[in-house]
Amino acid sequence: MEPGTSAARERQRLLARQEAARLSAEGVRAVALTFVDNAGITRVKSVPTARLAHAAHRGVGMSPAFDVFTSDDSIAASPHLGGPDGDLRLFPDLDLLTILAAQPGWAWAPVDRYDQQGVPHPACQRQFARRMTALAAERGLEPLMGFETEWIVDPPGSGPAYGMARVVERSEYLLELHDALAAQRIEVLQIHPEYSPGQFEVSTAPADPVRAADQLILVRETVRAVTARHGLRASFAPAFTAGQVGNGCHLHVGLRRPGGGNPHRDPDRPYGLAADAEAFLAAVLRSLPALCAVGAPSPASYLRLVPSHWAGPYRCWGVENRETALRLVPGDPTDPDDGHAELKCFDAAANPYLVVGAVLAAGLAGVDAGLEAGYALPEPVRGDPAARGDQERLPASLTEAAAHFERDDVLREAFGEVLHGAVLAVRRAEAKRFADSTPEEIADATRWSY
């Protein structure tokens, strides 16, 4: 969509009128228009269904200051953003317009953000993800991504980790969640109890990176709505209780080639990885300390990233090793389209558009340089990296991760000066807020922010 052109705006308005009529016939009275800020909070403006055409044609106003909001709604400042001046326009993506099954009378759409003249906002995270996806296509790659979403239900109930007893106890709740996601055309791979008390996980099918990020937001808010309908609360916070296993939001990444061809299925290469796939993953592994500032963006994230908890706190990789930060998943050997990698060190405090865009930016730098430039994977790690004593820890604090992010030239160039500066400002503000806090205080303060 290019809202700066009158023809594009008129097409959007006509489509929006048709969609508004369809929504009204289905009993939808309001549409939630969302974007995710750099603190990982989903922000929203809603419009009456009758105003959808106007929103698609003219956009909905919102301050650029939200790019430097923190998770407690304080406002940081960057060299380019912050303060009361300015206005942006939110333009809904009508292709993603979805009737919300767990919120009767509501629909939802993600937005792209532009300035008043229709120029893309340089800090729009969704358009950043789209740009990185386009760069992958220019290199002959079609990335597929998917998220695992973990959350804790409060009160947690009883039942052991991964136990059927927990499913029985929350049977109607989980059935309604299955039904709501299916009604919203989200392909669920599985829903199951997780390790911590009251913890569950939902995995969804892979999609193109922007669509995967859109789906994650829709999944998360659907979980929240279904949970509320049952008189419960859902927390996606990295650390619900200090000292317990927290909520991750693992990213699965697979590379494909247009017209067929799977870089994860090269029979002549180690571990089945074609040269470009190995260079991609090696570059991601190299940039992981900086990527933690994107995918583990809260001080609470570092209460989760502890050894021997399957959180991936070491900068290493392994074949089906759930304790390494980068896990290679060879998949079904009889399926030529199977095989991918998983990044385990990320959590749901992250903006998913920044996550998919940053991972693509890092990986594509490796593809561009190639194996001969040193973008090759080291030997894989077997067993628990903590027991070996020779593996590098990822950052142990947000302050450390932000310092890596500031120095990473690949991410700085990919993000652009405005977006990079805004992300860094928010990370530093979050770190400063909790500089003298105990783990318990951090967990208590962030439990319901996400």
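In the predicted model, Met145 is buried, because its relative accessibility is 0%, a value under the 20% cut-off for burial. This residue belongs to strand S7, which spans residues 142–154. Beyond its neighbours within four places in sequence, Met145 is in contact with Ala205, Pro206, Ala207, Pro209 and Ala212, with Leu251, His252 and Val253, and with Val356, Val359 and Leu360. Gly254 follows Met145 by 109 residues in sequence, yet the two C-alpha atoms are 6.3 Å apart in space.

Strand S7 also takes part in the packing of helix H5. Helix H5 comprises 13 residues, 171–183, and its span of 18 Å from first to last C-alpha is close to the 18 Å expected at 1.5 Å a residue. Its buried residues are Tyr173, Leu174, Leu177, Ala180 and Leu181. These five residues lie on the same side of H5, because they cover an arc of only 125° around the axis. In general, an α-helix has 3.6 residues a turn, so residues three or four places apart point the same way. The other side of H5 carries the exposed residues Glu172, Asp179, Ala182 and Ala183. In addition to S7, the elements against which the buried residues of H5 pack are helix H4 (164–169), strand S8 (188–193), strand S9 (199–204) and helix H6 (209–229). Just after H5, a positive phi of about 65° is found at Arg185.

A further buried position occurs in a loop. Val68 is located between strand S3 (60–62) and strand S4 (88–92), and it counts as buried because its relative accessibility is 0%. With residues up to four places away in sequence excluded, Val68 touches Ser74, Ile75, Ala76, Ala77, Ser78, Leu81 and Gly82, together with Ala422 and Val426. Between Val68 and Gly295, 227 residues apart along the chain, the C-alpha separation is 17 Å.

The structure also contains internal space, with three cavities of 30 Å³ or more. The largest cavity encloses about 60 Å³. Its lining is formed by Thr34, Phe35, Val36, Pro110, Val111, Arg113, Cys124, Gln125, Arg126 and Tyr353. At least two lining residues come from each of strand S1 (30–36), strand S6 (106–114) and helix H3 (125–138). Classed by residue type, the lining of this cavity consists of six nonpolar, two polar and two charged residues.

Key
Residues numbered from 1 in each chain as written. Predicted model: local features only at pLDDT ≥ 70, side-chain atom pairs only at ≥ 80, totals over all residues. Heavy atoms only, no water. 1 Å grid on protein atoms, 1.4 Å probe; cavity = no way out; pocket = protein on both sides within 12 Å on 5 of 7 lines; lining within 4 Å. Points joined across faces, edges and corners; volume = space filled by probe spheres on them. Helix = DSSP H or I, 4+ residues; strand = E, 2+ residues; numbered from the N terminus. Nonpolar A, V, L, I, M, F, W, Y, C, P; charged D, E, K, R; others polar. Buried < 20%, exposed > 50% of the residue type's maximum accessible area, 1.4 Å probe, protein only. Contact = heavy atoms within 4.5 Å. Expected span 1.5 Å × (residues − 1). Arc of directions from axis to C-beta.
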